[in-house]
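Visitor: I'd like a close look at one single part of this model, cut-offs included. Start with that part, then show me what else is around in the chain.

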Amino acid sequence: MQDRPQTFETPPMADLDKAEWLTRLADVAEEHGHFQPLGQQHLAAFVDAGSTLLVSFETLQGIRALSDDGQPLGWECVRRMGWSSLTLISEGDTWFRDRQVYGYFDRLIDDGFFDEFDTIVFYGAGPCGYAAAAFSVSAPGARVIAIQPQATLDPRVTEWDDRFTEMRRTSFTDRYGYAPDMIDAAEQVFVLYDPEVTLDAMHAALFTRPNVMKLRMRFMGTAIQSDLIDMNHLVELIARAGNGTLDTVSFARLWRDRHDHPPYLRSLLAAIDRQDRPWLATMICRAVLARRGRAPHFGRRLKQLERQAKSGNFEIPPSRP
């Protein structure tokens with residue numbers, strides 16, 4: 001069965017206050033599927049549309065900050081691809097470590113909810129990437145996209161990660177706990193990260209499994225999800241995972257667009273400058289200016305490099321005719 005784009009018209013929610021936003025979310029979900037509060041910090045919103053299901057984990061703050069219309073990522077997949085959408089939303093970063101969330105997935109399993117779909121994709125980034133991997137065990141054969149996921153925050157395993165010390169009293173050893181163990185039944189898992197971000201790379205190493213494909217995004221930094229949204233590639237990436245065409249080759253084609261993405265280019269130049277390689281920095285600045293025309297940051301850096309070369313600090317590469 002092939003899913004098709006749906007007529008799923010929902011008014012923008014970006015300008016609503018929190019209470020109005022939650023009311024609108026609940027109204028839409030109850031009209032098209034179901035809405036379920038899960039304690040004080042979590043909720044679930046399901047939209048029933050097609051035979052492919054996206055299970056996305058998002059924070060309320062992230063949805064309102066990253067989406068132009070203030071709506072969950074899954075709703076865009078409903079409109080563009082005709083997929084169904086199950087969105088798990090948290091108030092802040094909780095890693096979805098909550099017994100009411102566990103119970104919700106238990107009920108979905110008992111009710112045979114996941115059996116109704118031909119293809120299931122779990123998605124999340126950062127703490128939500130952890131959750132996408134951890135809860136994918138509830139739907140064996142699913143595909144998982146986890147951007148910069150943590151494997152666990154159990155200090156006995158990842159005491160080297162000092163970014164989330166406030167979570168160290170939260171249990172990551174009970175149900176749906178250690179994310180790398182929870183993906184064993186997945187058909188394919190895609191882990192996206194920047195290997196230059198040491199702690200992200202260390203977590204990614206813990207996900208090494210036969211069914212895991214690591215997609216390295218060097219020099220992209222710590223906000224890969226935002227960058228993929230800015231590059232208009234996040235939904236396409238998810239779509240490719242769903243239709244079975246996401247692999248190293250198709251990803252490499254998407255990843256080429258980094259050459260037109262200013263944050264990546266600035267990060268690349270900064271890395272080259274830290275390595276004290278002025279010859280290569282000059283080549284990068286020239287390439288960016290030739291490709292983009294107006295790029296003030298690179299124009300200023302090129303002038304600095306040219307002045308250094310005139311002072312005899314290094315031999316500048318010859319300009320191309």
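Guide: Here is a walk along the last helix, followed by a strand, the cysteines and the whole chain.

First, the ground rules. This is a predicted model, so local features need pLDDT of at least 70 and side-chain atom pairs count only at pLDDT 80 or more, while totals for chains, interfaces and linings use all residues. Numbering starts from 1 along each chain as its sequence is written, and side-chain values use heavy atoms, with hydrogens and water left out.

Our part is helix H14, residues 296–310. Helices here are DSSP runs of H or I with at least four residues, strands are runs of E with at least two, and both are numbered from the N terminus. H14 has 15 residues and spans 21 Å from its first C-alpha to its last, close to the 21 Å expected at 1.5 Å a residue; the expected span is 1.5 Å times one less than the number of residues.

Now look at what H14 hides. Its buried residues are Phe298, Gly299, Arg301, Leu302, Leu305 and Ala309. Buried means under 20% relative accessible area, exposed means over 50%, and partly exposed is in between, using a 1.4 Å probe and protein chains only. Seen down the axis of H14, the buried residues fall within an arc of 165 degrees, so they line one face of the helix; the arc is that of the directions from the helix axis to the C-beta atoms. The general rule behind such patterns is that an α-helix has 3.6 residues a turn, so residues three or four places apart point the same way.

What covers that buried side? Helix H12 (262–274) and helix H13 (278–292) are included in the cover, where contact means heavy atoms within 4.5 Å.

Flip to the face turned away from the buried side, and you meet the exposed residues Arg300, Lys303, Arg307 and Lys310. Take Lys303 in H14: its relative accessible area is 53%, so it counts as exposed. Lys303 and Ala252 are 51 residues apart in sequence and 33 Å apart in space, C-alpha to C-alpha. Just after H14, Gly312 takes a positive phi of about 85 degrees.

For another setting, try strand S2, residues 42–47. Six of its six residues are buried, so S2 is largely enclosed by the rest of the structure. Both of its faces are covered, with His42, Ala44 and Phe46 on one side and Leu43, Ala45 and Val47 on the other. S2 runs antiparallel to strand S1 (residues 33–38), joined by six bridges, and pairing requires that DSSP finds at least two bridges. Gly33 stands opposite Val47 there. S1 and S2 make a hairpin with three residues between them, and Gly39 in the turn has a positive phi of about 80 degrees. Six bridges also join S2 to strand S4 (residues 84–90), again antiparallel, with Leu43 opposite Ile89.

As for the cysteines, a search of the whole structure finds zero disulfides, that is, pairs of cysteine sulfur atoms within 2.5 Å. For Cys77, the nearest cysteine sulfur, that of Cys128, is 15 Å away. Cys77 counts as buried at 0% relative accessibility, and Cys285 is buried at 0% too.

Zooming out, the protein chain has 14 helices and eight strands. Of its 321 residues, 53% count as buried.
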